[in-house]
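Student: Got a minute to walk through this one with me? I'd like to start with a single residue and work outwards.

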Amino acid sequence: MGLFSSPKGFGFSYSGYVQDGGFNSFHLYADMTGVLSGDYDKPGIRIDYNKGIVLKTASSESCDFLLYAGPGVSAGFVRDNDSPNYGFLLALNGTFGARFIFPRGIALDLGLSADLGLHIRGAENGQTTNLKLYRNGLNRILFPQVKIEYCF
């Protein structure tokens, strides 16, 4: 259990290890599209799930290191980059990162993620519904994300 921080948003994170050596990660956070730039004053809300598949491991006295990648899903009520309106996000995502696990049960996770999905929102005139590609999912692929978690 810990904290999730990125230019994408801020919130909570949970990672749990599974029998195959990988791990499941959940993130619940405030989506900050347009908020940090001062365009809007209210963030959206979003939840992500990722399956971390360990690609490489290394150990030393100071920490264990995991290099991972994996698929996931995202959902939320957020803005996209071309609209001031909130809408529903439904997406598949992928993540890539490095995880450092220290002896006292603290984990530091540095990663990148991308979303490929749909953004469903009302039109600016409020009369119809728009279904569009979620552009922020690809535009923000290079926004780093940091998780600091306590391992139980």
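Student: Which strand holds aspartate 48?
Tutor: Aspartate 48 is in strand β4. Keep in mind that this is a predicted model.

Student: Is aspartate 48 buried or exposed?
Tutor: Buried. Its relative accessibility is 5%, and the cut-off for buried is under 20%.

Student: What does aspartate 48 touch, skipping residues up to four places away in sequence?
Tutor: Ser25, Phe26, His27, Tyr29, Val73, Ser74 and Asn93.

Student: And how far is glycine 72 from aspartate 48?
Tutor: Their C-alpha atoms are 7.3 Å apart. Along the chain the two are separated by 24 residues.

Student: Asn93 was in that contact list. Where does asparagine 93 sit?
Tutor: In strand β6, which covers residues 86–101. Asparagine 93 has a relative accessible area of 8%, so it counts as buried.

Student: What are the contacts of asparagine 93, again without residues up to four places away?
Tutor: Asp48, Tyr49 and Asn50 are among them. So are Gly70, Pro71, Gly72, Val73 and Ser74. Ala114 and Asp115 complete the list.

Student: How far apart are asparagine 93 and serine 113?
Tutor: 6.9 Å between C-alpha atoms, with their positions 20 residues apart in sequence.

Student: Back to β4. Where does lysine 51 lie, and what does it touch?
Tutor: Lysine 51 is in strand β4, residues 44–59. Beyond the residues up to four places away, it touches Val18, Asp20, Gly22, Phe23, Asn24, Ala69, Gly70 and Pro71.

Student: What's the distance from lysine 51 to alanine 75?
Tutor: 15 Å, C-alpha to C-alpha. They are 24 residues apart in sequence.

Student: Phe23 came up there. Which residues make up the largest nonpolar core?
Tutor: There are five: Phe23, Leu66, Tyr68, Ile101 and Ala107.

Student: Why would such side chains sit together?
Tutor: In soluble globular proteins, nonpolar side chains tend to be buried together.

Student: What else is in contact with phenylalanine 23, leaving aside neighbours within four places?
Tutor: Two core members, Leu66 and Tyr68, are in its contact list. The list also includes Ser15, Gly16, Tyr17 and Val18. Then come Asn50, Lys51, Gly52 and Arg99.

Student: New spot. Is glycine 11 buried or exposed?
Tutor: Buried, at 15% relative accessibility. Glycine 11 belongs to strand β2, residues 9–17.

Student: Which residues does glycine 11 touch, not counting those up to four places away?
Tutor: Gly2, Leu3, Phe4, Leu28 and Tyr29. The C-alpha atom of alanine 30 is 6.1 Å from that of glycine 11, across 19 residues of chain.

Student: Zoom out. How many helices and strands are there?
Tutor: One helix and nine strands. From the N terminus the order is β-β-β-β-β-β-β-β-α-β. The radius of gyration is 17 Å, close to the 15 Å from the globule rule for 152 residues, so the chain is as compact as a globular protein of that length.

Student: What box do the C-alpha atoms fill?
Tutor: Roughly 60 × 30 × 25 Å along the principal axes.

Student: How much of the chain is buried, and how much area is exposed?
Tutor: Buried residues are 43% of the 152. The chain exposes about 8200 Å², with 66% of that from carbon and sulfur atoms.

Student: Last one. How far apart are the mean positions of the positive and negative charges?
Tutor: 1 Å, for 13 positive and 13 negative charges.

Methods
Residues numbered from 1 in each chain as written. Predicted model: local features only at pLDDT ≥ 70, side-chain atom pairs only at ≥ 80, totals over all residues. Heavy atoms only, no water. Helix = DSSP H or I, 4+ residues; strand = E, 2+ residues; numbered from the N terminus. Rg over C-alpha atoms; globule rule 2.2 N^0.38 Å. Buried < 20%, exposed > 50% of the residue type's maximum accessible area, 1.4 Å probe, protein only. Areas by Shrake-Rupley, 256 points an atom, 1.4 Å probe, with all protein chains shown as cover. Lys, Arg positive; Asp, Glu negative; His and termini not counted. Charge placed at Lys NZ, Arg CZ, Asp CG, Glu CD. Core = buried A, V, L, I, M, F, W, Y, C linked by side-chain atoms within 4.5 Å. Contact = heavy atoms within 4.5 Å.
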